[in-house]
Every structure is written in C-alpha cells, then in structure tokens.
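Let's walk through this model together, from its strands to its core and its largest pocket. Keep the viewer open as you read.

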Amino acid sequence: SLLNYLPRATRAAAALREELNIDSELIPVAGGIFEVAVDGDIVAKKSLMEGFPTPEAVVSAVRRRVVG
C-alpha cells in the first residue's frame, strides 16, 4: 500500500540528498510499484530487485547512472 512505501521512499530520497546532493521527486502511485528513474531511465525497480531496494541500493544505482 502507499502508506507502507512512503517511509521507505522518503528514506531513499534522504539518502540521495545526503550522499549525492540530489533532490528527488516522490510520485505516489497505486499497485505496489516502486521505481527510481534518472532522466527517464529506470535505474532501480522493486520488481527487479529482491524486495524493496534499500536506500544504499538506490544511491548506488543512481550513482552508476549519474557518474558512469
């Protein structure tokens, strides 16, 4: 549910801000979807990972996309 995802998404957004100085936009959707995109490219997705991605996994995925 949306309420279950919000704290996790908020922690991931905070980690992006702290680690990479990147502000993110949280877009609530229904259906158990959690995706992280950079410039329209999905870099982390709950359905492709083993469960909900940790903030560290999100930062790592974004770092790989941004830094190369």
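In what follows, buried means under 20% relative accessible area, exposed means over 50%, and partly exposed covers what is in between (1.4 Å probe, protein chains only). Helices (H or I, at least four residues) and strands (E, at least two) are DSSP runs, numbered from the N terminus. This is a predicted model, where local features need pLDDT of at least 70 and side-chain atom pairs count only at pLDDT 80 or more, while totals for chains, interfaces and linings use all residues. Residues are numbered from 1 along each chain as its sequence is written, and side-chain values use heavy atoms, with hydrogens and water left out.

**The hairpin**

A good place to start is strand β1, which has a covered face made of V36 and V38 and an uncovered one made of E35 and A37. In a regular strand the side chains alternate between the two faces of the sheet.

Which strand does β1 pair with? Strand β1 (residues 35–38) pairs with strand β2 (residues 41–45) in the antiparallel sense, over four bridges; two strands count as paired if DSSP finds at least two bridges between them. Across the pair, A37 stands opposite I42, and V38 stands opposite D41. Two residues separate the strands in this hairpin, and D39 is in the turn.

**Residues to look at one by one**

Most residues other than glycine have a negative phi, and most peptide bonds are trans. Here are two residues with a positive phi:

| Residue | Phi | Place | Relative accessible area |
|---|---|---|---|
| N21 | near 55° | loop between α1 and β1 | 69%, exposed |
| D39 | about 50° | loop between β1 and β2 | 70%, exposed |

Two further residues fall in the middle class. T10, in helix α1, counts as partly exposed because its relative accessibility is 40%. From T10 to S24 the C-alpha to C-alpha separation is 9.6 Å, with their positions 14 residues apart in sequence. G51 sits in the loop between β2 and α2 and counts as partly exposed because its relative accessibility is 36%. G51 and F34 lie 17 residues apart in sequence and 10 Å apart in space, C-alpha to C-alpha.

**The nonpolar core**

A nonpolar core is a set of buried Ala, Val, Leu, Ile, Met, Phe, Trp, Tyr and Cys residues joined through side-chain atoms within 4.5 Å. The largest one here has 14 residues, and L16, F34, V36, V58 and V62 have the most contacts inside it. At least two residues of this core come from each of α1, β1 and α2, with α1 giving the most, five residues. For a closer look, select V58: leaving aside residues up to four places away in sequence, V58 touches A12, L16, F34, V36 and P53, where contact means heavy atoms within 4.5 Å.

**The largest pocket**

On a 1 Å grid over the protein atoms alone, a pocket is an open set of points where a 1.4 Å probe fits, with protein on both sides within 12 Å along at least five of seven lines; lining residues have an atom within 4 Å of a point. The largest pocket has a volume of about 660 Å³, a volume being the space filled by probe spheres set on the points, which are joined across faces, edges and corners. There are 24 lining residues, and E25, L26, I27, E35 and V36 are the closest to the pocket's centre. α1 (2–20), β1 and α2 (55–67) are the elements that give two or more residues to the lining, and α1 has the largest share, seven residues.

What classes of residue make up this lining? The lining has 20 nonpolar, one polar and three charged residues. Ala, Val, Leu, Ile, Met, Phe, Trp, Tyr, Cys and Pro count as nonpolar, Asp, Glu, Lys and Arg as charged, and the others, Gly among them, as polar.
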